[in-house]
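Q: Please take a close look at one helix in the structure below and say how it is packed. After that, extend the account to the empty spaces and to some single residues elsewhere.

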Amino acid sequence: MTVSDQTAFTLRRAYGAAHLLNPGDLPPAQHFIDGAFRETPGGDLVDVVDPCSEEVITRVPAGTAADTDAAVAAAAAAKASWGRMVPRERSGVLHRIADRLAEHYDLLVRLESADTGKPFAVSRDDVDSAIDTFRFMAGALRATTTMAAGDYVEDHLSVILREPLGVIGVVTPWNYPLLMAAWKIAPILAAGNTLVIKPSEQTPLTTLKFAELTADLLPPGVFNVVAGKGSVVGARLAEHPDVDMIALTGSVGSGRAVARAAAESLKRVHLELGGKAPVVIFADADVKAAAAALRTASFWNSGQECGAACRVLVHESVAEEFTAHLVAEVTALAVGEPQAGDDIEIGPLFSKTHYDRVLGHIERALAEGARAAAGGSAILGPGYFVEPTVLVDVPEGAECTREEIFGPVVTVETFADDDEAIRRANDVPVGLAASVWTENARRSHNAAARIDAGTVWVNSHLVIANEAPWGGFKGSGYGRDLSIYALDDYSRTKHVMHHHGH
């Protein structure tokens, strides 16, 4: 793979997370258990690295099975009282959490950008969405619906109750540390559960800050954070007999590992895993509008997004025109460190390991015959920057069209007819999201119905609302985040039947 400073992309620098963070901004580098941060003397530490400068921001403890057990015990002790709270009271707590996040909006934005390298536009959207997630769930928990009580057997009244599950173990990813935490924490608390969350050990800052900011709002034990590796903390949560559900946002491999561990105790599993979102552009589509939309939908968060529009299937009759528009959009992207300007659109990849992985994908794609119409190289360091890349002339079935690259890379393939487009859109082992682009209403309905994905957009991509469910099919997992469906996932139904005959 070529690494050159003779790139088409000018990297704008501001040099270092120190410019983002003030003294006192960092949360305590400790686990948060039973309402307080806990010292872990003598334990292993994990470096939290600024991906723009490759400098260490802080170090957090690598949690152990014993740390995890202590957190689970605290959550188990708190679950009865929290679960008995009436919806109005839990709703009030969630509203106060949203207010507290809003009060510290700028701090959370800067922490997220320092920890992950996200442009400010992405971090602001994350914090806005996290706040809205708590506000939505605060309202939704007071208006849950179920089947009507009634006599379904003569002289027997059936009543359906919805109860908390108990203790939920949560594992969140590095690409959206605060937002994915909010997607789990808000409905879990709203449904009356307690939880232990393990953020990525590489991007834990906003989750730990959330614990610090909300410590006085939640009863001790209701919310607990154990930092550390998935192979230790995540594995213990998945196998722990006192954990009633394990909820994970992560890779397909992580999902398999969690499901295997959870099977021993028959606990519920909620998995939001990877994607390889096809973008099907038909001959009658507005190709210029599609290309403009993909500037964001493909490269948001540097493509480190499970719903990213990463695999374009375009009708052969408009492929050349579309590709020209897409390359023009991509080569105009502003690449740099977040503090280099509010107009920055592309930041670094989050770690050296992931940077090497993405570059390896590009290198193999070029070896298989693809051509880089834009980008295709790393950008000279320091930092984990990769050029926004458009790969064309991609052979059908190439690795880059089937494996989730999870970086600023889009592949472009062509198709001849509608049936081929749908067949190839579905010919991947995952099914999280997809989009279809056409001006024909009949075609849009037909294509959306035939594509095997949990979300299908028509003439847009990567537009998400808290009112609508998010989750996938096939290897993308099961369970739904957001919406009232998340409340359903984090609760259980009980049928109580009263015999009232004389």
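A: What follows starts with the helix, goes on to pockets and cavities, and ends with single residues. The model is predicted, so local features need pLDDT of at least 70 and side-chain atom pairs count only at pLDDT 80 or more, while totals for chains, interfaces and linings use all residues. Numbering runs from 1 along each chain as its sequence is written, and side-chain values use heavy atoms, with hydrogens and water left out.

The helix is α10, which spans residues 319-331 and has 13 residues. Helices here are DSSP runs of H or I with at least four residues, strands are runs of E with at least two, and both are numbered from the N terminus. From first C-alpha to last, α10 reaches 18 Å, close to the 18 Å expected at 1.5 Å a residue; the expected span is 1.5 Å times one less than the number of residues. Its buried residues are Ala319, Phe322, Thr323, Leu326, Val327 and Val330. They sit on the same side of α10, because they cover an arc of only 130 degrees around the axis (the arc is taken over the directions from the helix axis to the C-beta atoms). An α-helix has 3.6 residues a turn, so residues three or four places apart point the same way. Buried means under 20% relative accessible area, exposed over 50%, and partly exposed in between, with a 1.4 Å probe and protein chains only.

The buried residues of α10 pack against one helix segment, α9 (287-297), and against the strands β14 (278-281), β15 (311-315), β17 (371-374), β19 (389-392) and β20 (409-415). Contact means heavy atoms within 4.5 Å.

Next come the empty spaces. They are found on a 1 Å grid over the protein atoms alone: a cavity is a set of points where a 1.4 Å probe fits but cannot get out, a pocket is an open set with protein on both sides within 12 Å along at least five of seven lines, and lining residues have an atom within 4 Å of a point. Grid points are joined across faces, edges and corners, and a volume is the space filled by probe spheres set on the points.

The largest pocket holds about 950 Å³ of space. It is lined by 41 residues, and those closest to its centre are Trp174, Gly250, Ser251, Val252 and Ser254. Two or more lining residues come from each of α7 (230-239), β12 (245-249), α8 (252-263) and α11 (352-367), and α8 gives the most, with 7 residues. By class the lining has 14 nonpolar, 17 polar and 10 charged residues. Ala, Val, Leu, Ile, Met, Phe, Trp, Tyr, Cys and Pro count as nonpolar, Asp, Glu, Lys and Arg as charged, and the others, Gly among them, as polar.

The second largest pocket has about 370 Å³ of space. Of its 23 lining residues, Asp125, Ser129, Leu179, Trp183 and Ile464 are closest to the centre. The elements that give two or more residues to this lining are α4 (120-140) and α5 (177-190); the largest share, 4 residues, is from α4. The lining of the second largest pocket divides into 13 nonpolar, 5 polar and 5 charged residues.

There are 4 cavities of 30 Å³ or more. The largest cavity has a volume of about 90 Å³, and 14 residues line it, with Gly303, Glu305, Ala308, Cys310 and Phe406 nearest its centre. The lining of this cavity is made up of 7 nonpolar, 4 polar and 3 charged residues. In the second largest cavity there is about 70 Å³ of space. Its lining has 15 residues, of which Pro278, Val430, Gly431, Ala433 and Asp452 lie nearest the centre, and α13 (418-426) and β21 (430-431) each give two or more residues to it.

Ala433 also appears among the contacts of Thr455, together with Leu432, Ala434, Pro469, Trp470 and Gly471, neighbours within four places in sequence left aside. Thr455 lies in strand β23 (residues 455-458) and counts as buried because its relative accessibility is 15%. Arg402, in helix α12 (residues 399-402), is partly exposed at 30%. The C-alpha atoms of Arg402 and Val428 are 5.7 Å apart, with their positions 26 residues apart in sequence.
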